[in-house]
Amino acid sequence: MPGKKAGLTDRTPDGSVQDIFRTIFERIQTAILIVDPAAHEIVDANPLMESLTGLTKDQMLGKGCQGFVCPAKCGECPVTDLHKNILNIEREVINAKGERVPVLKTVAKADFGGKEYLVESYVDITSHKKAEERQAALLAYLSESILRAKKPLELMQNDFQDIVKKAESGDYDAEDIRMQLALHAKNLAQIVKNLEELQAKALKGKSAEIPPEFREFLLRK
Amino acid sequence: MLCLLVAQPEQIQDMNLMVMKKILASGCTPLIVTVNKPYKVLTKIYAKEGIGPESYFVIDAVTQYSGGVCPPSPRVKYVNNPSNLTDLGIAITELLKQMPEGKKCILFDSVSMLLIHIPSATASKFLHFVVNKLQLSDVSGIFLSVEKGLDPVVMSQMSAFVDHVMDYEQAQKQTCLL
């Protein structure tokens, strides 16, 4: 039976493991915070956490996690008080400029030297959110195009059929027919204009113009 | 009472006629807001069903828009363009005041055609304004729309403004819509 292979971080020849983990901690493309759960204080942060927050490690050390990387109030910590499992949950981190950065957050408990700590990892999902917004924008414009073109066109189609019938039966005089044809010609011109405007807006990606309620509806899971 | 009635495109005109008959049968005076058919055409359609022009009032937002003649009448107000919501709002207020005392009901034909002229979000705000006005004046309102012709937000807002949302078949079964 072959023995279990040892990975790089399993080797402990001369204390180099600590260096390996330090390097991983500093180079990994996930922002990491180490939190003391008793005091709810940050005790370590990696460089990616610095770029995510715009704060230096020094500025973060000793800082409370509540109101910074966690919206919970004192006594309502989801991990230590409510015993919830935080695994890839969408949250927001408030950066140095006061901006809310969307992240995927995971919290794991870890024991270092007999003391329990929380290892919190954060993945910046700003670009994913922007793509989601863009998709919502396109869906909104597509939906609006259908509502402002397809349904009125269906109504107009029925109107045209009605005009034909009424013209044949003599119910409508020439002015009635002229007026309705002129009205629908203008309606068609307006529909074409609406579609052009919607297309132009969709291409510019003016997602800010989508009513927030509609965006919320489209993004509802 | 405020109602949103939805129907297939080919049923909209029949629904308009059915609603008009029910409004008149309930002893209510209808005020038709049309962004769909010119007044002259509307009178002919109603006349064929035995509904005379003395029994209703009209706000016509399409005759002038289509280049038609707008003969003055105390029972009709013309708005130059369906997208002119300011004038449409003023016309509704003025004509409601001019109408004789008693039960009144607005018949809006149709929300779907209004969407040619204004975006859904603007239509929603305008309809909210109209609904508020009707509630304050104790006037009933019936809004016609093509089925699935409103965006989900406008639909949910309209559903919140009105007392009932019904399709054509459900509306037909009601002895009184008001």
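Which residues of β1(A) are buried on one side, and which on the other? Some notes on that and on the rest of the model, which is a predicted one.

1. **The β1 strand of chain A.** To take the opening question: A:A31, A:L33 and A:V35 are buried on one side of β1(A), and A:I32, A:I34 and A:D36 are buried on the other, so both faces of the strand are covered, with buried meaning under 20% relative accessible area. The strand spans residues 31-36, and six of its six residues are buried. Note that A:D36 sits in that list along with the others.

2. **Who β1(A) pairs with.** On one hand there is β5(A), joined to β1(A) by five bridges in the antiparallel sense. A:A31 has A:Y122 as its bridge partner in that pairing. On the other hand there is β2(A), again antiparallel, with four bridges to β1(A). Here A:I34 is matched with A:D44 of β2(A).

3. **The whole sheet in chain A.** Zooming out, the strands make an open sheet of five with antiparallel pairing, and the order is β2-β1-β5-β4-β3. At the edges you'll find β2 (41-45) and β3 (89-94), each of which pairs on one side only. Ignoring direction, neighbouring strands are turned by 40° against each other on average. As a reminder, strands of a sheet pair through backbone hydrogen bonds, either parallel or antiparallel.

4. **The rest of chain A.** There are six helices alongside the five strands. Read from the N terminus, the elements go α-β-β-α-α-β-β-β-α-α-α. Chain A has 221 residues, of which 36% count as buried. For contacts between residues at least 6 apart in sequence, 43% join residues at least 24 apart.

5. **β4 and β5, and a buried lysine.** The antiparallel pair β4(A) and β5(A) is held by ten bridges, and one facing pair puts A:V107 opposite A:E120. A:K105 lies in strand β4 of chain A and may catch your eye: its relative accessible area is 5%, so it counts as buried. Leaving out residues up to four places away in sequence, A:K105 touches ten residues if you go through the full list: A:V69, A:C70, A:I86, A:L87, A:N88, A:I89, A:R91, A:E120, A:S121 and A:Y122.

6. **The cavity.** How many cavities of 30 Å³ or more does the structure hold? One, and about 70 Å³ of space lies in it. Its lining is made up of A:V35, A:H40, A:C65, A:Q66, A:C70, A:C77, A:P78, A:V79, A:K105, A:V107, A:L118 and A:E120. The elements of chain A that give two or more residues to this lining are β4 (100-112) and β5 (115-124). By type, the lining splits into eight nonpolar, two polar and two charged residues. Several names from the points above come back here, including A:V35, A:K105, A:V107 and A:E120.

7. **Backbone spots to look at in chain A.** Most residues other than glycine have a negative phi, and most peptide bonds are trans. A:H40 has a positive phi of about 55° without being a glycine. This histidine is in the loop between β1 and β2 of chain A, where the two strands form a hairpin with four residues between them. With 15% relative accessibility A:H40 counts as buried, because the cut-off is under 20%. A:N88 is another non-glycine with a positive phi, about 50° in this case. You'll find A:N88 in the loop between α3 (57-60) and β3 of chain A, and it is also one of the residues that A:K105 touches.

8. **A cis peptide in chain B.** The bond between B:D109 and B:S110 is cis, with omega about -5°. B:S110 belongs to the loop between β5 (104-109) and α4 (111-117) of chain B.

9. **A covered strand in chain B.** β6(B), residues 140-146, has seven of its seven residues buried. B:S140, B:I142, B:L144 and B:V146 are on one side, and B:G141, B:F143 and B:S145 are on the other. Six bridges link β6(B) in parallel to β1 (residues 2-7) of chain B, with B:A7 opposite B:V146. β5(B) also runs parallel to β6(B), over four bridges, and there B:C105 stands opposite B:S140.

Conventions: Residues numbered from 1 in each chain as written. Chains lettered and ligands numbered in written order. Predicted model: local features only at pLDDT ≥ 70, side-chain atom pairs only at ≥ 80, totals over all residues. Heavy atoms only, no water. 1 Å grid on protein atoms, 1.4 Å probe; cavity = no way out; pocket = protein on both sides within 12 Å on 5 of 7 lines; lining within 4 Å. Points joined across faces, edges and corners; volume = space filled by probe spheres on them. Nonpolar A, V, L, I, M, F, W, Y, C, P; charged D, E, K, R; others polar. Pairing = 2+ DSSP bridges. Axes fitted to C-alpha atoms, helices over the stretch in contact; angles between N-to-C directions. Buried < 20%, exposed > 50% of the residue type's maximum accessible area, 1.4 Å probe, protein only. Contact = heavy atoms within 4.5 Å.
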